[in-house]
Amino acid sequence: MLELPESYTIANQIQKHLSGKIISHIKILQTPHKFAFFNNEAGRYGEALEGQSITGAVFRGGMVEINTEDSLIVFYDGAYPRYCEDRTKFPKKHQFAIYFDDETGIFVSIQMYGGITIFPKGECTNDYYISSSTKPNPLTDGFTFDYFMSLYPAGGKKLSAKAFLATQQRIPGLGNGVLQDILWEAGIDPRYPMQDAPEEAFRSLYDAVNQVIKAMAEQGGRDTERDLFGQKGRYITQLSKNSLNQPCTRCGYELHKTNYMGGTIYFCEHCQKR
Ligand SMILES: [Zn+2]
């Protein structure tokens with residue numbers, strides 16, 4: 001899934017390498033997919049993209065936003081854009097494609113589920129987009145410790161560490177993927193009850209959120225994900241499908257996984273307090 005380190009990496013790559021390219025046409029759902037989501041107007045707005053050029057790209061939480069003169073194209077969740085500059089190697093199966101007039105293109109194959117939204121500039125009312133665009137995150141300004149503390153719901157509500165960090169879009173782009181290394185770094189198990197946590201636990205979580213997401217972004221994303229050119233990220237994940245059955249690099253004890261809150265979690269029983 002696209003999360004902050006990947007949306008940051010891919011948006012920068014589009015900005016740097018594809019700005020100025022002119023769109024000749026787009027193709028929606030060349031290959032049908034049950035869990036590929038488009039906004040209703042995507043077809044109509046997509047046609048209007050013909051002849052426009054890419055003016056840049058930015059990350060919005062875990063979303064990648066491509067700008068043209070008049071419109072925005074937004075990718076999220078499993079909608080990974082992949083650039084291809086060899087016409088003879090264009091993928092045959094894809095859920096979305098942008099063809100450029102120099103015979104290159106961007107192709108999206110949805111992984112599990114994913115969304116693509118096309119709309120005229122200034123006209124997006126999608127809540128998910130607005131929240132991703134406006135809330136601070138560790139790669140933007142305003143993500144202070146006070147702000148982080150303000151994200152915890154009032155009234156001592158019961159929330160586990162995973163529920164606090166990776167649900168309700170509290171921190172856009174922080175999902176179940178980057179969560180694993182953040183909690184390992186902070187020494188906190190995903191199931192740890194945050195309502196009982198002392199301030200030091202919030203402090204170490206805050207530090208880990210910043211440190212891990214910045215490191216992942218600086219290193220071109222995680223080694224479990226791929227960038228615009230199909231290259232794996234250089235950040236070596238401590239806890240992911242890659243590290244399962246490997247010893248914890250901190251204590252040497254075997255890592256475990258289980259299902260929790262609709263996703264796989266990885267943990268070290270020694271290093272993370274539960
Ligand atoms: Zn350990």
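This is a guided tour of one structure, arranged as a series of selections to make in the viewer.

**Before selecting anything**

Keep in mind from the start that the model is predicted. Colour the protein by confidence, and the average pLDDT comes to 95, with 100% of the residues scoring at least 70. Within that picture, select helix α1, residues 4-18, where confidence is highest, at a mean of 98, and then helix α2, residues 42-47, where confidence is lowest, at 89. Where pLDDT is low, the predicted coordinates should not be read in detail.

**First stop: the zinc ion**

Select the zinc ion together with Cys-248, Cys-251, Cys-268 and Cys-271, whose SG atoms coordinate the ion at 2.2 to 2.4 Å. If you draw the angles among the four donor atoms, they run from 97 to 116°, and the site is tetrahedral. For comparison, the ideal angle for four tetrahedral donors at a metal is 109.5 degrees. Along the chain, the donors of the zinc ion follow the spacing C-x2-C-x16-C-x2-C.

Which parts of the chain does the pair Cys-248 and Cys-268 tie together? Cys-248 lies in the loop between α7 (199-218) and β8 (256-259), whereas Cys-268 lies in the segment after β9, so the pair joins parts that are 20 residues apart in sequence. Now show the surface and look at these two cysteines again, asking whether Cys-268 is buried or exposed. Cys-268 is buried, with a relative accessible area of 0%, and Cys-248 is buried as well, at 3%.

**Second stop: the largest pocket**

Next, select Met-1, Glu-3, Gly-175, Asn-176 and Gly-177, which lie nearest the centre of the largest pocket, out of the 41 residues that line it. The space in this pocket is about 970 Å³. To see which elements build the lining, highlight β5 (71-84), β7 (105-120), α3 (127-134), α5 (161-166), α6 (176-186) and β9 (264-267), each of which gives two or more residues to it. Which of the elements gives the most to the lining of the largest pocket? That element is α6, which contributes five residues. If you colour the lining of the largest pocket by residue type, you will find 16 nonpolar residues, 17 polar ones and eight charged ones.

**Third stop: the cavity**

The structure also holds one cavity of 30 Å³ or more, and the space inside this largest cavity is about 30 Å³. To find the cavity, select its lining, which consists of Glu-6, Thr-9, Gly-220, Gly-221, Arg-222, Glu-225, Arg-226, Asp-227, Gln-231, Lys-232 and Gly-233. How many nonpolar residues are in the lining of the largest cavity? There are no nonpolar residues in this lining, which divides into five polar and six charged ones.

**Fourth stop: residues in two strands**

Two of the strands already highlighted at the pocket deserve a second look, beginning with Tyr-76, which is placed in strand β5 and is buried, with a relative accessible area of 13%. Draw a distance from the C-alpha atom of Tyr-76 to that of Tyr-192, and the two turn out to be 29 Å apart in space and 116 residues apart in sequence.

Then move to Phe-119 in strand β7, which counts as buried at 4% relative accessibility. Add Ala-42 to the selection, and you will find that the C-alpha atoms of Phe-119 and Ala-42 are separated by 7.0 Å, although these residues are 77 residues apart along the chain.

**Last stop: residues in loops**

Select Gln-95 in the loop between β5 and β6 (96-100); this residue is buried, with a relative accessible area of 5%. Adding Thr-31 shows a pair that is 64 residues apart in sequence and 5.5 Å apart in space, counted from C-alpha to C-alpha.

Finally, look at the backbone of Glu-103, in the loop between β6 and β7, whose phi is near 65°, a positive value in a residue other than glycine. Asn-245, in the loop between α7 and β8, also has a positive phi, of about 70°, although it is not a glycine. With the surface shown, Glu-103 is partly exposed, at a relative accessible area of 47%, while Asn-245 is exposed, at 58%.

How values were computed:
Residues are numbered from 1 along each chain as its sequence is written. This is a predicted model: local features need pLDDT of at least 70, side-chain atom pairs count only at pLDDT 80 or more; totals for chains, interfaces and linings use all residues. Side-chain values use heavy atoms; hydrogens and water are left out. On a 1 Å grid over the protein atoms alone, a cavity is a set of points where a 1.4 Å probe fits but cannot get out, and a pocket is an open set with protein on both sides within 12 Å along at least five of seven lines; lining residues have an atom within 4 Å of a point. Grid points are joined across faces, edges and corners, and a volume is the space filled by probe spheres set on the points. Helices (H or I, at least four residues) and strands (E, at least two) are DSSP runs, numbered from the N terminus. Ala, Val, Leu, Ile, Met, Phe, Trp, Tyr, Cys and Pro count as nonpolar, Asp, Glu, Lys and Arg as charged, and the others, Gly among them, as polar. Donors are N, O and S atoms within 2.8 Å of the metal (3.2 Å for Na, K and Ca); water is not among the atoms, so sites may look incomplete. Four donors count as tetrahedral if all angles lie between 85 and 135 degrees; four count as square planar and six as octahedral if opposite donors are over 155 degrees apart and all others between 65 and 115; anything else is irregular. Buried means under 20% relative accessible area, exposed over 50%, partly exposed in between (1.4 Å probe, protein chains only). pLDDT is the predictor's confidence in each residue, from 0 to 100.
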